[in-house]
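User: I am new to this structure and would like a close look at a single part, the place where two helices pack. Please take me through that part and then its surroundings.

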Amino acid sequence: MSQHPKVELYCDGACLGNPGPGGWAYLLRFRSNEGVKEKEASGPDPETTNNRMELLAAIRGLEALAKPCEVQLFSDSQYVVKGITSWMAGWKRAGWRKADRQPVINVELWQALDAQVHRHRVKATWVRGHAGHAENERVDEMARDAAVQQKARD
């Protein structure tokens, strides 16, 4: 049995235009004998892409954990899920280059995510976006709201 606390992480990113103003959001859910506790956060970015916001949502959610945890990460981004489950190990072996020997796009975010994935025990699961998954819909709305607020500031 693991000594690490178990937590669910739901994360999503949004971008108004690609590139354009964006937002990221996460929801952390902790279950214990005392019940369920949640922590959520979101933030904007003035000029970004959807993929960058998806990555940043996962990174910020994992960074918010004070100590190493067993994390069940849920994302509607196959980019993030496949990156964690398949691509990152090969990219690292190849010096952060893809199979075509070109540099990995968003490498600084992938490296930050890699550091967090290794700090925790992360199992990434893809969920279909906009399909009524309550937590995914919640973080989607939060990320979109952050992007809209950023656009209003610009």
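Analyst:
**The packing of α2 and α3**

Helices α2 and α3 are roughly perpendicular to each other, because an angle between 65 and 115 degrees counts as such and theirs is about 95 degrees. The model is a predicted one. Helix α2 covers residues 78–93 and helix α3 covers residues 107–119, and their axes lie 11 Å apart. Two packed helices are described by the angle between their axes and the distance between the axes.

On the α2 side, the contact is made by Y79, V80, G83, I84, M88, W91 and K92. On the α3 side, W110, L113, D114, V117 and H118 take part. Sorted by class, eight of the contact residues are nonpolar, two are polar and two are charged.

Aromatic rings come next. The whole structure holds six aromatic pairs. In one of them, Y79 and W87 meet edge-to-face, with 6.4 Å from centre to centre and 65 degrees between the planes. Y79 has a relative accessible area of 18%, under the 20% cut-off, so Y79 counts as buried. W87, at 34% relative accessibility, is partly exposed. Another edge-to-face pair is formed by W91 and W110, with 5.1 Å between centres and 75 degrees between planes. This pair links distant parts of the chain, since W91 sits in helix α2 and W110 in helix α3, 19 residues apart. W91 and W110 are both buried. Together, Y79, W87, W91 and W110 make up one aromatic cluster.

Helix α2 also has a neighbour among the strands. A124, which is in strand β5, is in contact with V81, I84 and T85, and also with L73, leaving aside its neighbours within four places in sequence. I84 is also one of the α2 residues in the contact with α3. A124 is buried, with a relative accessible area of 12%. Its C-alpha atom is separated by 9.3 Å from that of L9, although the two residues are 115 apart along the chain.

The strands around A124 pair as follows. Strand β5 (residues 121–126) pairs with β4 in the parallel sense over six bridges, and W126 in β5 is the bridge partner of S75. Strand β4 (residues 70–75) also pairs with strand β1 (residues 6–15), again in the parallel sense and over six bridges. There, F74 in β4 is the bridge partner of Y10.

Definitions and conventions: Residues are numbered from 1 along each chain as its sequence is written. This is a predicted model: local features need pLDDT of at least 70, side-chain atom pairs count only at pLDDT 80 or more; totals for chains, interfaces and linings use all residues. Side-chain values use heavy atoms; hydrogens and water are left out. Axes are lines fitted to C-alpha atoms, for helices over the stretch in contact, and angles run from 0 to 180 degrees between N-to-C directions. Helices (H or I, at least four residues) and strands (E, at least two) are DSSP runs, numbered from the N terminus. Angles under 35 degrees count as roughly parallel, over 145 as roughly antiparallel, 65 to 115 as roughly perpendicular and the rest as oblique. Contact means heavy atoms within 4.5 Å. Ala, Val, Leu, Ile, Met, Phe, Trp, Tyr, Cys and Pro count as nonpolar, Asp, Glu, Lys and Arg as charged, and the others, Gly among them, as polar. Two strands pair if DSSP finds at least two bridges between them. Buried means under 20% relative accessible area, exposed over 50%, partly exposed in between (1.4 Å probe, protein chains only). Rings of Phe, Tyr and Trp (its six-membered ring) pair if their centres lie within 6.5 Å; planes under 30 degrees apart count as stacked, over 60 as edge-to-face and the rest as tilted.
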